[in-house]
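Here's a quick tour of the cores, the pockets and a couple of backbone oddities. Have the viewer open while you read.

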Amino acid sequence: MTYDRPARADDAPTVVAIVGSPRRHGNSSFLVDVALDELARRGASVEKIVLAEHRVLPCEGHDECEDLAACPLDDDAAALLARMYGADGLVLASPVYYENVSGQMKVFLDRSCFNNYHEVWLRARAVGLIAVAESTGLDDTLDALRRFVSLASDHQVRPLAVSGLAYRDGDAARNAALVGEVRALAANMAAALRRSPAS
């Protein structure tokens, strides 16, 4: 998707969105597009990362992780984490699977332990969380994402969150109230980024 954005300065805040759904064009992905479109319209430079389009291996729990110069797993995780950790703003979106984040999202977040061991922290000054469920598990999923943000940050970040119900592909797009909430989340993120310029 191409995001409409006004002319902006080169120092515009960067926002990276991580989509944890195995469906590249599902409800979670659609809502991320809504958020990024709003952020781009408000002057942010945005990037969308769909985990299903990348090779991210599960963490193997190396005992010597903190002593390694780089994670020994040969996949896309290190490059994706670098983009996520370097962004001024972050959006994390996941469908609810078994009352929690998707397997794709959990594997990716687990791989951030390398950064934690090496005291590399999220730069994000504004964070938005999006969870989509068929029926239950929204609170548990958002709590899991909040815990990650807290553990991966060395400064206080209070994530904004939106959640809603969507079962069939396209349900989110037909839910005007949910789309409006996501746009409001993005607008609030943009305002927070303007209030707290990069140091």
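A residue counts as exposed when its relative accessible area is over 50%, and as buried when that value is under 20%. Keep in mind that what you're looking at is a predicted model.

## Two residues with positive phi

Let's start with the backbone. Tyr98 has a phi near 50°, which is a positive value in a residue other than glycine. Where does Tyr98 lie? You'll find Tyr98 in the loop between strand S3 (89-95) and helix H3 (103-110). Is Tyr98 buried or exposed? Its relative accessible area is 84%, so Tyr98 lands in the exposed class.

Glu119 is the other one to click on. Its phi is near 55°, again a positive value in a residue other than glycine. Glu119 sits in the loop between helix H4 (113-117) and strand S4 (126-133). The relative accessibility of Glu119 is 60%, so this residue is exposed too.

## The nonpolar cores

Now for the inside. In soluble globular proteins, nonpolar side chains tend to end up buried together. Here, the largest nonpolar core has 32 residues. Which of them have the most contacts inside this core? That list runs Ile18, Met84, Leu90, Leu92, Met105, Phe108 and Phe148. At least two core residues each come from strand S1 (14-19), helix H2 (77-85), S3, H3, S4 and helix H5 (138-152). H5 gives the largest share, with seven residues.

Phe148 is worth a closer look. Leaving aside residues up to four places away in sequence, Phe148 touches Met84, Tyr85, Leu92, Leu109, Ser112 and Leu122. Another core, of 30 residues, lies apart from the largest one, and Val32, Leu39, Val132 and Ala172 are among its members.

## The largest pocket

On to the open space. The largest pocket holds about 290 Å³. Its lining has 14 residues, and those closest to the pocket centre are Leu109, Asp110, Arg147, Phe148 and Leu151. So Phe148 turns up twice: among the best-connected residues of the largest core, and in this lining.

Which elements supply at least two lining residues each? They are H3, H4 and H5, and H5 has the largest share, with five residues. By type, the lining divides into eight nonpolar, three polar and three charged residues.

## The second largest pocket

The second largest pocket comes in at about 220 Å³. Its lining consists of Ser21, Arg23, Asn27, Ser28, Pro95, Val96, Tyr97, Val132, Ala133, Glu134, Ala166 and Tyr167. Helix H1 (27-41) and S4 are the elements that give two or more residues to this lining. Sorted by type, there are seven nonpolar, three polar and two charged residues here. Val132, part of this lining, also belongs to the 30-residue core.

## A closed cavity

How many cavities of 30 Å³ or more does the structure hold? There is one, with about 100 Å³ of space in it. Its lining has 13 residues, and the closest to its centre are Cys59, His62, Cys65, Cys71 and Cys113. The lining of this cavity divides into eight nonpolar, two polar and three charged residues. If you're colouring by type, note that Cys counts as nonpolar in that split, while His falls under polar.

Definitions and conventions
Residues are numbered from 1 along each chain as its sequence is written. This is a predicted model: local features need pLDDT of at least 70, side-chain atom pairs count only at pLDDT 80 or more; totals for chains, interfaces and linings use all residues. Side-chain values use heavy atoms; hydrogens and water are left out. On a 1 Å grid over the protein atoms alone, a cavity is a set of points where a 1.4 Å probe fits but cannot get out, and a pocket is an open set with protein on both sides within 12 Å along at least five of seven lines; lining residues have an atom within 4 Å of a point. Grid points are joined across faces, edges and corners, and a volume is the space filled by probe spheres set on the points. Helices (H or I, at least four residues) and strands (E, at least two) are DSSP runs, numbered from the N terminus. Buried means under 20% relative accessible area, exposed over 50%, partly exposed in between (1.4 Å probe, protein chains only). A nonpolar core is a set of buried Ala, Val, Leu, Ile, Met, Phe, Trp, Tyr and Cys residues joined through side-chain atoms within 4.5 Å. Contact means heavy atoms within 4.5 Å.
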